[in-house]
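I sat down with this model today and kept short notes as I went. Here is what I looked up, entry by entry.

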Amino acid sequence: MTWFKEEARFISRPQIEAMCDRLLDEAKERLGIAEYRRVLLLPPDLTRAHSGTGWMTEYLYHRLDAAGTEVHVIPTLGQHVPHTREDNEWMFGSIPEERIHAHDWKDGVTNVGTVPAEFVREQTGGAVDWEMPVDLNTMLVTEQWDLIVNVGHVVPHEVLGFANHNKNYFIGLGGKRLLGASHMASAVYGIENNLGNLLTPVRACFNYAEEHFLGHLPDVYLQVVMDYDDDGTLAHTGVYVGDDLETYYDAARASREQNFTLFDEPADKIVAVMQADEFRATWVANKAVYRTRMALADGGELLVIAPGVERFGEQPEVDELIRKYGYLSQAEVIDLYRTQADMQDIPHGTAHLVHGSSEGRFTITYAPGHLGKEEIESVGYQYMDVEEALRRYDPAVMKDGWNTMPDGERVFYISTPSAGLWSTREKLENRDTELHTA
């Protein structure tokens with residue numbers, strides 16, 4: 001059950017800090033903890049920095065540290081690039097660098113079990129039939145913790161329907177095999193069949209893994225939901241604390257109500273801005289593609305303004321894969337996946353080729369800060385100079401929602417695509433039930 005929650009419009013920082021205090025107080029009684037000697041905090045990485053989860057983690061750290069607790073922090077990176085010292089200072093403030101540990105998705109994991117192929121097949125309606133080896137961060141599963149606090153922002157998500165909850169474990173602290181098996185399963189099942197659903201096949205597999213392999217952990221979830229205030233700034237509208245699935249469902253239902261923007265008719269052009277200090281690769285900046293694809297008209301255009309983007313993949317081998325194949329349709333990727341060894345070696349990268357594709361329905365134009373025209377066009381996108389894009393669609397002038405430009409062009413502008421989901425009512429209500437198999 002959810003231990004406690006607060007829903008309002010809006011919730012202040014002091015209120016959230018008080019709820020962090022309450023979490024630590026209640027966890028002792030609810031989980032039977034005599035003393036906090038060693039505590040592990042699991043926040044998101046910098047691509048969720050706008051959620052305030054960084055300062056929440058800092059607050060929890062100092063509250064525990066002041067009481068003599070040994071506290072460690074592992075940002076739930078998945079296979080994203082580890083933070084620099086400057087990144088950690090920017091997101092987590094005064095937490096000592098030596099207490100922040102980078103997750104190593106290749107060599108820093110330990111197997112705790114396997115989600116059986118039969119269960120995966122059942123959940124995906126027969127679309128895929130492989131098992132999911134549950135390899136997780138070694139520090140998480142082999143060291144003794146009196147309490148583990150998962151801190152996160154619940155928003156629509158392309159793999160899990162909604163982000164956070166046990167995604168912190170199985171994606172954020174997962175190993176190569178788990179990342180590959182889960183991402184490829186989601187791609188085969190279909191990104192538009194996942195987005196905005198409370199329970200997706202991969203989420204069901206993660207729930208199975210948590211129940212069977214992590215039930216012994218003394219953990220609790222601190223989840224937040226955000227919405228835009230009257231000034232167009234993201235602010236907290238929900239805080240949910242608990243140690244089971246109902247905590248996730250409470251938060252996800254709130255996100256579904258607040259973070260969906262529904263269109264009666266599809267949009268011909270959407271302009272999305274990905275902040276330079278959070279998004280440095282198309283791997284993460286393509287949240288703009290994921291979250292808007294169900295709102296775009298056939299033949300329409302998505303312009304992604306991404307001043308910080310300097311590469312395609314977060315890791316060299318994924319970057320190489322994207323450069324080699326480009327962004328392809330689901331059918332093309334599945335066909336290639338059967339025979340191409342490099343695709344089979346890093347299936348989470350292969351899945352990204354599908355997620356970042358328009359499936360030929362609309363045009364994706366990128367205005368990156370540090371990639372050239374030839375590079376962008378080589379992966380199947382169109383190119384626009386970033387300075388030109390910022391002049392024409394100046395974030396200081398544009399307003400979230402519909403804007404009419406001086407020359408009469410009408411565009412829908414999104415300042416923080418990672419914070420929501422945009423879709424026509426028809427797309428959201430009529431999911432594609434024809435599944436492809438790999």
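Before the helices, a word on terms: I count a contact when heavy atoms lie within 4.5 Å. I also keep in mind that this is a predicted model.

**Entry 1: the sheet with β1**

I started with helix α2, residues 53-65, and asked which strands α2 lies across. I found β2 (38-42), β3, β6, β9 and β10, with α2 running at about 160° to β6.

Next I traced the sheet itself. Six strands make up an open sheet, and I read their order as β1-β10-β9-β6-β2-β3, with mixed pairing. The edges are held by β1 (2-7) and β3 (70-73); each has a single partner strand, so one side of each is left without a neighbour in the sheet. On average, neighbouring strands here are turned by 20° against each other, direction ignored.

I then looked at one pair in detail. Strand β9 (residues 219-228) and strand β10 (residues 234-242) are antiparallel and share eight bridges. I picked Val225 and found its bridge partner in β10, Gly238. Helix α1 (residues 13-31) also packs on this sheet, where it touches β1, β6 (147-153), β9 and β10. The direction of α1 makes about 170° with that of β1.

**Entry 2: a cis bond and a positive phi**

I checked the backbone for oddities, since most residues other than glycine have a negative phi, and most peptide bonds are trans. Which peptide bond did I note as cis? The bond from Arg9 to Phe10 is cis, with omega near 20°. Phe10 sits in the loop between β1 and α1, so I marked that loop for my next look at the display.

My other note is on Asn164, a residue other than glycine with a positive phi, near 85°. I placed Asn164 in the loop between β8 (161-162) and α6 (167-170).

**Entry 3: what the record says**

I looked up the UniProt record, an unreviewed entry. The record lists residues 21-186 as "domain: LarA-like N-terminal". In the model, the end C-alpha atoms of that span lie 37 Å apart, and the span is 36% helix and 20% strand.

**Entry 4: α7 on α14**

Now for helix pairs, which are described by the angle between their axes and the distance between the axes. Helix α7 (residues 176-189) packs with helix α14 (residues 330-337) at about 130°, and their axes are 10 Å apart. That makes α7 oblique to α14. The crossing of α7 past α14 is left-handed.

Which residues meet here? From α7 I noted Met184, Ala187, Val188 and Tyr189; from α14, Gln330, Val333, Ile334 and Tyr337. By class, I have seven nonpolar, one polar and no charged residues in this contact.

**Entry 5: α14 on α16**

I stayed with α14 and turned to its packing with α16. Their axes are 8 Å apart and the angle is about 155°. The cut-off for roughly antiparallel is over 145 degrees, and α14 and α16 are therefore roughly antiparallel to each other. α14 passes α16 in a right-handed crossing.

On the α14 side I found Gln330, Val333 and Tyr337, which meet Pro347, Thr350, Leu353 and Val354 of α16. This contact has five nonpolar, two polar and no charged residues. I had already met Gln330, Val333 and Tyr337 in the contact with α7.

**Entry 6: α13 on α16**

How do the axes of helix α13 (residues 316-325) and helix α16 (residues 347-355) cross? They cross at roughly 40° and come within 9 Å. That makes α13 oblique to α16. I noted the crossing as right-handed.

Val318, Leu321, Ile322 and Tyr325 make the contact from α13, and His348, Gly349, Thr350, His352 and Leu353 from α16. Sorted by class, the contact has five nonpolar, four polar and no charged residues.

**Entry 7: the sheet with β15**

I closed with another open sheet of six strands, in the order β15-β14-β13-β12-β17-β16, and again the pairing is mixed. Its edge strands are β15 (382-383) and β16 (401-404); each has a single partner strand, so one side of each has no neighbour in the sheet. β16 runs antiparallel to strand β17 (residues 410-414), and four bridges join them. My last lookup was Gly401, whose bridge partner in β17 is Tyr413.

How values were computed:
Residues numbered from 1 in each chain as written. Predicted model: local features only at pLDDT ≥ 70, side-chain atom pairs only at ≥ 80, totals over all residues. Heavy atoms only, no water. Pairing = 2+ DSSP bridges. Helix = DSSP H or I, 4+ residues; strand = E, 2+ residues; numbered from the N terminus. Axes fitted to C-alpha atoms, helices over the stretch in contact; angles between N-to-C directions. Parallel < 35°, antiparallel > 145°, perpendicular 65-115°, else oblique. Left-handed = near helix turned anticlockwise from the far one by under 90°. Nonpolar A, V, L, I, M, F, W, Y, C, P; charged D, E, K, R; others polar. UniProt positions renumbered as here; feature names shortened; annotations may be inferred.
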